[in-house]
Amino acid sequence: MERRYSNYTVEELREEIAELTEKARKAEQMGMVNEYAVYQRKMIMAKSYMLDPSQFSGGEVYEIEGAPGELFAVDYLRGVFVWGRRENYEGKVLSEDLEAVPIGVLAKKVQ
C-alpha cells in the first residue's frame with residue numbers, strides 16, 4: 001500500500017522527488033509523454049508538501065510555474081491546494097471558474 005505524501009518527512013519527500021525526476025527523465029528520453037506528465041505532476045505534489053501552507057493566503061496573487069503570462073488570484077487555501085482564478089498581468093480574469101492548484105506550482109507573489 002502506498003503512503004500519502006502528507007505522511008512523508010521532508011527528507012523522504014526530497015528522495016521521492018529525486019526518484020521521480022530520474023523516472024521522468026527516462027520517460028522523456030523514451031518518448032513516453034503521458035508517463036513523463038504523470039511524474040511531473042507527482043513531483044509538484046511532493047514539492048507542495050514540502051512548503052508551508054501558511055505562507056499562502058487569500059487575496060494574494062502569484063505567478064504560476066510553467067504558465068508564462070498567467071497569474072493565480074487566491075480566494076482560499078485548503079490543505080496544500082489554493083482555490084482561485086487565473087488572470088493575466090493586467091488583472092483580467094481568464095476564467096470565471098473556480099480552480100484548485102497545488103501550492104507547489106505557485107512561484108513568487110506578485111506585488
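The protein chain has two helices and five strands. The model is predicted.

**Exercise 1. The fold in outline**

Find the order in which the elements of the protein chain run from the N terminus.

Solution.
- Start at the N terminus. The elements run α-α-β-β-β-β-β.
- Next, take the box. Along the principal axes, the C-alpha atoms fill roughly 40 × 30 × 25 Å.
- Then check burial. Of the 111 residues, 28% count as buried.
- Last, look at the exposed area, about 7,400 Å². Carbon and sulfur atoms supply 51% of that area.

**Exercise 2. The largest nonpolar core**

Determine which residues make up the largest nonpolar core and which strands each supply at least two of them.

Solution.
- List the members. The core has 12 residues in all, including Phe-56, Tyr-62, Ile-64, Phe-72, Val-74 and Leu-106.
- Map them to strands. β1 (61–64) and β2 (71–78) each supply at least two residues of this core.
- Separate the other core. Another core, of nine residues, lies apart from the largest one; Tyr-5, Leu-20, Ala-24 and Ala-27 are among its members.
- Now zoom in on Tyr-62. Leaving aside neighbours within four places in sequence, Tyr-62 contacts residues including Phe-56, Phe-72, Val-74 and Leu-106. Lys-108 and Lys-109 are also among its contacts.

**Exercise 3. A buried acid**

Glu-16 lies in helix α1 (residues 10–29). Work out which side chain of opposite charge is nearest to Glu-16.

Solution.
- Identify the partner candidate. It is Lys-42, 6.0 Å away.
- Apply the cut-off. A salt bridge needs a side-chain nitrogen within 4 Å of a carboxyl oxygen.
- Conclude. Glu-16 is buried yet has no salt bridge.
- Check its surroundings. Not counting residues up to four places away in sequence, Glu-16 touches Tyr-5 and Tyr-8.

**Exercise 4. Salt bridges, local and long**

The count comes to eight salt bridges. Place three of them, starting with the one between Glu-11 and Arg-14.

Solution.
- Glu-11 and Arg-14 meet at 3.7 Å, N to O. Both lie in helix α1, three residues apart, about one turn of the helix.
- Glu-65 pairs with Lys-47, with the closest N and O atoms 3.0 Å apart. Glu-65 sits in the loop between β1 and β2 and Lys-47 in helix α2 (residues 33–50), so the pair ties together parts 18 residues apart in sequence.
- Arg-86 and Glu-70 meet at 2.7 Å, N to O. Arg-86 is in strand β3 (residues 81–87) and Glu-70 in the loop between β1 and β2, so this pair ties together parts 16 residues apart in sequence.
- Extend the last pair. Glu-70, Arg-86 and Glu-99 are linked in a network of salt bridges.
- Check exposure. Arg-86 is partly exposed at 23% relative accessible area, and Glu-70 is partly exposed at 24%.

Note on methods
Residues numbered from 1 in each chain as written. Predicted model: local features only at pLDDT ≥ 70, side-chain atom pairs only at ≥ 80, totals over all residues. Heavy atoms only, no water. Helix = DSSP H or I, 4+ residues; strand = E, 2+ residues; numbered from the N terminus. Buried < 20%, exposed > 50% of the residue type's maximum accessible area, 1.4 Å probe, protein only. Lys, Arg positive; Asp, Glu negative; His and termini not counted. Contact = heavy atoms within 4.5 Å. Core = buried A, V, L, I, M, F, W, Y, C linked by side-chain atoms within 4.5 Å. Areas by Shrake-Rupley, 256 points an atom, 1.4 Å probe, with all protein chains shown as cover.
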